[in-house]
Amino acid sequence: MKTCEYCGTKAEDNILQCKNCGSNDFENICINCGKTFTGSKCPGCGVLVGENPRICNNCGKKTFEKVCPGCGTDLTYEKSDKIVYTYINTEINTNSKINANIKFYTNDEIHPDTVTNTDSESNIDINTINYEEVHKAKKKFGRIYKIFVVLVIIIVIIGIKGNDNDNENKSDNKKENASEDISEDKSTDKNTLSDLEILTLDSHPKFYGDYKEAKKFWADYKQVMVDKTSSEYEDKLLLAATGNNKVITDITIDFTHSDEIKHKLTVEKVLKIVCEYIPYDILEKYYEYTESFYETSKDGNYKAYHYIMSLNKEGKAASANNDFLLYDKFAFKIIHKNDDDWIVKINRSAYKGKHEKSDKYEVEYWKADLNKYK
């Protein structure tokens with residue numbers, strides 16, 4: 001269950017848009033303690049989104065605890081795999097044969113269904129080995145191996161002398177392979193980067209950037225997801241989605257998943273990171289500034305900074321001619337709540353106009369200079 005951030009209407013987890021106000025911004029409702037939160041884990045009791053309660057096999061009570069509050073049954077107990085102990089008694093007779101009596105014992109605590117063979121006996125016969133024949137075979141193999149090594153050395157020497165050009169090609173190939181190895185080593189280090197380094201990588205894709213190129217660029221970063229939907233990956237630091245399978249039309253940066261930096265953020269620091277994903281060339285040519293403001297809940301637990309631009313005359317003409325995808329608005333909002341929770345949403349639906357709930361929110365002008373971080 002979740003609730004709309006704007007109007008408070010409750011909705012099922014699979015609902016993407018509020019039926020009351022049309023917003024697509026929701027907070028999860030913990031089914032255990034009732035606390036509302038963003039992300040995938042309740043900060044109050046630790047229950048995950050979509051997690052089902054445990055059912056006690058003894059009294060039937062449902063609970064999220066590891067021990068049943070009704071009867072005290074341990075709900076985390078799992079039956080161990082069966083354990084088999086063996087005792088081996090061996091005797092060697094004069095005919096070089098081994099008689100072995102093998103008995104199998106099982107742990108008394110194991111369920112009877114898991115017990116297999118008990119008190120079984122078997123006789124193992126081992127034929128006497130002719131060590132003299134083995135020694136001769138070893139000597140013969142040693143001579144053949146030496147001859148083989150000498151032939152290989154001769155072939156290699158002839159090949160080296162007669163193929164100088166091939167050696168140069170091999171040298172070039174080694175250099176190429178070495179560069180490939182270096183490239184592979186770098187790729188293995190991608191997930192050792194800090195969250196801030198990942199968010200500010202050189203030449204990373206931006207809003208309106210090519211969707212397929214974005215998938216390639218971020219393919220090896222486990223903190224990043226590039227997909228056709230933005231509603232199924234609430235545990236990612238960065239999520240880039242597309243509305244037409246061609247360009248990126250939705251970017252979410254969820255700092256709540258970064259313990260490295262979320263405690264150090266201010267709105268200016270977040271705005272600087274947002275500007276990393278703004279396509280300045282497109283905005284300067286096809287958009288014009290509309291407004292910017294921030295709204296604060298009167299209880300002080302929620303603040304959202306809004307920045308909105310609209311298509312200019314040239315942008316409307318380009319959109320009408322279907323030259324390329326241009327939304328009527330470019331907008332982003334920076335959400336700050338619960339002291340250290342910061343979330344950024346860059347998409348046209350990030351702006352819904354000034355907040356209508358004047359009894360709960362105060363709205364003020366926000367002086368935001370995007371060119372400062374261009």
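Q: Is aspartate 25 buried or exposed in this structure?

A: The model is a predicted one. A residue is called buried when its relative accessible area is under 20%. Aspartate 25 has a relative accessible area of 2%, and therefore it is buried.

Q: With which residue does the side chain of aspartate 25 meet in a salt bridge?

A: The general idea is that side chains of opposite charge can pair when their charged atoms come close. In this structure, the side chain of aspartate 25 meets that of lysine 333 in a salt bridge, with 2.3 Å from N to O. The two partners belong to distant parts of the chain: aspartate 25 is in the loop between β2 and β3, lysine 333 is in strand β14, and 308 residues separate them. Lysine 333 has 0% relative accessibility and so counts as buried.

Q: How many salt bridges are found in the whole structure, and which other pairs should I examine?

A: The search finds seven salt bridges. One of them joins the side chains of lysine 337 and glutamate 5, at 3.4 Å from N to O. Lysine 337 lies in strand β14 and glutamate 5 in the loop between β1 and β2, so this pair ties together parts that are 332 residues apart in sequence. Both lysine 337 and glutamate 5 are buried. Another salt bridge is formed by lysine 372 and glutamate 268, whose closest N and O atoms are 3.3 Å apart. Lysine 372 is in the segment after β16 and glutamate 268 is in helix α5, so parts 104 residues apart in sequence are tied together by this pair. Glutamate 268 has 29% relative accessibility and therefore counts as partly exposed. In addition, salt bridges with shared partners join Glu5, Glu27 and Lys337 into one network.

Q: Strand β14 holds both lysine 333 and lysine 337. How should I read its pairing with β13 and β15?

A: Strands of a sheet pair through backbone hydrogen bonds, either parallel or antiparallel. Here, β13 and β14 run antiparallel and are joined by nine bridges, with isoleucine 308 opposite alanine 331 in β14. The pairing of β14 with β15 is also antiparallel, over six bridges, and isoleucine 334 stands opposite valine 344 in β15. β14 and β15 form a hairpin with three residues between them, and asparagine 338 in the turn has a positive phi of about 50°. As for its surroundings, β14 is mostly covered, since seven of its nine residues are buried.

Q: In what order do the four strands of the open sheet stand, and which are the edge strands?

A: The order is β2-β1-β3-β4, with antiparallel pairing. The edge strands are β2 and β4, each of which pairs on one side only. Strand β3 is joined to β4 by two bridges, and asparagine 28 stands opposite phenylalanine 37 in β4.

Q: Which residues of the largest nonpolar core touch the most other members?

A: In soluble globular proteins, nonpolar side chains tend to be buried together. In this chain, the largest nonpolar core has 51 residues, and those that touch the most other members are Trp218, Phe255, Tyr287, Phe332, Ile334 and Trp366. Helix α5 contributes the largest share of this core, six residues. The buried residues of α5 are Val267, Val270, Leu271, Ile273, Val274 and Cys275, and they pack against α3, β11, α6, β13, β14 and β15. Tryptophan 366 illustrates such packing: beyond its neighbours within four places in sequence, its contacts include Val267, Leu271, Phe332 and Ile334.

Q: Where is glycine 315, and which residues does it touch?

A: Glycine 315 is in helix α7. Its relative accessible area is 0%, so it is buried. Leaving out residues up to four places away in sequence, glycine 315 touches Tyr286 and Leu326. Glycine 315 and lysine 285 are 30 residues apart in sequence, yet their C-alpha atoms are 7.4 Å apart in space.

Q: Which residues make the nonpolar surface patch?

A: The patch, of about 850 Å², is made by Phe141, Tyr145, Phe148, Val149, Val152, Ile153, Val156, Ile157 and Ile160. Valine 149 may serve as the example: it is in helix α1, and with 31% relative accessibility it counts as partly exposed.

Methods
Residues numbered from 1 in each chain as written. Predicted model: local features only at pLDDT ≥ 70, side-chain atom pairs only at ≥ 80, totals over all residues. Heavy atoms only, no water. Buried < 20%, exposed > 50% of the residue type's maximum accessible area, 1.4 Å probe, protein only. Contact = heavy atoms within 4.5 Å. Patch = residues over 30% accessible without salt bridge, like charges linked within 9 Å, V, L, I, M, F, W, Y side chains within 5 Å. Areas by Shrake-Rupley, 256 points an atom, 1.4 Å probe, with all protein chains shown as cover. Salt bridge = Lys/Arg side-chain N within 4 Å of Asp/Glu carboxyl O. Core = buried A, V, L, I, M, F, W, Y, C linked by side-chain atoms within 4.5 Å. Pairing = 2+ DSSP bridges.
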